[in-house]
Amino acid sequence: MNIISPQPNDEKFIRQAAQLLVDAFREHWPEAWPTLDDALEDVHEMLQVGRICRAVIDEDGDLLGIVGGISGYDGHVWELHPLAVLSPMQGQGVGRMLVEDLEQQVRQRGGLTITLSTRAITEPPNPS
């Protein structure tokens, strides 16, 4: 496994990352990336200058997980968004590798804090 900084012209990564976002969030937060087109838009945003996008790939160059970082407060605070790992790779340290790498990337850019936001998932009220 290797950690890389994907490039904006890496179509293989972009397709794999978009599919990963759709698949990883489908069960618990399907509104996050309901379609591949929604996910493709966000992957392109992750690859913009000023953002952090890191990926774990296997020896064949296939994507195992991704993490992104969004700068705020003049680069002193970064938001971790998103973090996704292929289902069969969960529990094997890929997410930990990505978060530790993001911490290092933020530190190298002079960042002091990483935030993580969550949204409460609630069931719609039962009309009975």
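**Figure 1. Helix H1, checked for length.** At 1.5 Å a residue, the 15 residues of H1 (residues 11-25) ought to cover 21 Å, and the end C-alpha atoms do sit 21 Å apart, so the two agree. Keep in mind that this is a predicted model.

**Figure 2. The buried side of H1 and what it packs against.** Buried residues in H1 are Phe13, Ile14, Ala17, Ala18, Leu20, Leu21, Val22 and Phe25. An α-helix has 3.6 residues a turn, so residues three or four places apart point the same way. The packing partners for the buried residues of H1 are helix H2 (36-46) plus strands S2 (52-57), S3 (63-72) and S4 (77-85).

**Figure 3. The hairpin of S3 and S4.** These two strands run antiparallel, with 7 bridges joining them. Ser71 is found opposite Trp78 in S4. Between the strands of the hairpin come 4 residues, and Tyr73 has a positive phi near 50°.

**Figure 4. From S4 over H3 to S5.** S4 also pairs with strand S5 (residues 113-115): the two run parallel, joined by 3 bridges. Here Trp78 faces Ile114 in S5 as its opposite residue. Put helix H3 (residues 94-108) together with S4 and S5 and you get a right-handed β-α-β unit.

**Figure 5. Zooming back out to the chain.** Along the sequence, the pattern reads β-α-α-β-β-β-α-β. With a radius of gyration of 15 Å, close to the 14 Å from the globule rule for 128 residues, the chain is as compact as a globular protein of that length. Some 34% of the 128 residues count as buried. The accessible surface is about 8100 Å², and carbon and sulfur atoms hold 49% of that.

Conventions:
Residues are numbered from 1 along each chain as its sequence is written. This is a predicted model: local features need pLDDT of at least 70, side-chain atom pairs count only at pLDDT 80 or more; totals for chains, interfaces and linings use all residues. Side-chain values use heavy atoms; hydrogens and water are left out. The expected span of a helix is 1.5 Å times one less than its number of residues. Buried means under 20% relative accessible area, exposed over 50%, partly exposed in between (1.4 Å probe, protein chains only). Contact means heavy atoms within 4.5 Å. Two strands pair if DSSP finds at least two bridges between them. A crossover is right-handed if, with the strands pointing away from the viewer, the path from the first strand over the helix to the second runs clockwise. The radius of gyration is taken over C-alpha atoms; the globule rule is 2.2 Å times the number of residues to the power 0.38. Accessible areas come from the Shrake-Rupley method with a 1.4 Å probe; for residues, only the protein chains shown count as cover.
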